[in-house]
Amino acid sequence: ADQLAALETIEAQLAVQLPVSPLYAASSVAGRSAEVTIDFPMAVAGGVEWRPSFLPGARLEVDVGFENWAAADKIRFTPKDIRILELPGVGTYEVPEIVEEMGYTNTVSFRLGAEYTLPQLGRALTLRAGYGFETGATPLEKTSLVSTDFKKHLLTFGASYSYWRLRFDFGFGVVLTPQRFISHLTSEAPQVNPIKPNETTTIGGGTYTIKTVIVGIGVNARL
C-alpha cells in the first residue's frame, strides 16, 4: 500500500494574544480568519500473510512501513486581514505569514499480528493479538506540546464471537511511549511572536509522559 505526499490547506481561526503589559493596554486585535497549510508525507507499506496448513483457522501477518516526514516538516499560517490596532510606535500592524519549522524526521514502523479461530466452538470464537513498533517523527530538540510523535510500542488484544447473524467484536490496546526529558537550554521548539516573527523564545523544555489506552467494541449484523 502507498500514500502520495499531499499539501492541504484548511480554513482556521488564529488567536493572536497580546502581551500582558501596560504598554499594550490600548491595543486590540481585529480579525481571526487564517489559512493553515500542512504537508502530509508520502507513505509506503507492505506485508505478508501466512495461513499454516497444519493449524487451520490460524493467520499470521507481518508488515513494515515508511513515512517521509522529513519532506513534510512545515506548518504555514497565512492570516487573512488580521491586524493589531494601536500598537505603540507602529499604529496598525498587519500580522504576517508565519511558518513553523517542525523538524520532523522519517519514520519506520513494524507490525506483527496473529489470529486464531477456535474449532472447538464451531468456529464461533476468534482470538487476536498484535505488536507494533514505530520510530518517532519528532526529534528531541523540537519536542513541544504540539509535537509529541515519539518512539512507541503498541500491544493489542481482541476477540470476535459469532452468534446467529450477529458478530460481537472487542479490542484492547496500550501504547507504550518512553518518557522524554528535554532541557530548556537545548530546546528548539519556538513560541511564535507575530509582532517579531524573527525573534523566538523556546518553550519545549520539560518532562513528557504519554499514556494511551485504546478500547473498541463493535457489533456486525448480517441481514
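Helices and strands are here DSSP runs, numbered from the N terminus, a strand having at least two residues. The structure on display is a predicted model.

**First selection: Val-16.** Please select Val-16, which is found in the loop that links strand 2 (6-13) to strand 3 (28-30). Is this residue buried or exposed? Val-16 has a relative accessibility of 17%; because buried means under 20%, Val-16 is classed as buried.

**Second selection: the surroundings of Val-16.** Next, display Val-29, Ile-82, Ile-84 and Pro-194, which Val-16 touches when residues up to four places away in sequence are not counted. Then add Val-95, which is 79 residues from Val-16 along the chain. The C-alpha atoms of Val-16 and Val-95 are 8.9 Å apart.

**Third selection: the hairpin.** Select strand 8 (residues 83-87) together with strand 9 (residues 91-94); the two run antiparallel and are joined by three bridges. Within this pairing, Leu-87 faces Gly-91 of strand 9. Strands 8 and 9 form a hairpin, with three residues between them. In the turn, Gly-89 may be picked out: its phi is positive, at about 80°.

**Fourth selection: the sheet.** Finally, add strand 3 to the view. Together with strands 8 and 9 it makes up an open sheet of three strands in the order 3-8-9, paired antiparallel. Strand 3 and strand 9 occupy the edges and each has a single partner strand, so one side of each has no neighbour in the sheet. From one strand to the next, the twist averages 25°. When the side chains are displayed, a general rule may assist: in a regular strand they alternate between the two faces of the sheet.

Conventions: Residues numbered from 1 in each chain as written. Predicted model: local features only at pLDDT ≥ 70, side-chain atom pairs only at ≥ 80, totals over all residues. Heavy atoms only, no water. Helix = DSSP H or I, 4+ residues; strand = E, 2+ residues; numbered from the N terminus. Buried < 20%, exposed > 50% of the residue type's maximum accessible area, 1.4 Å probe, protein only. Contact = heavy atoms within 4.5 Å. Pairing = 2+ DSSP bridges. Axes fitted to C-alpha atoms, helices over the stretch in contact; angles between N-to-C directions.
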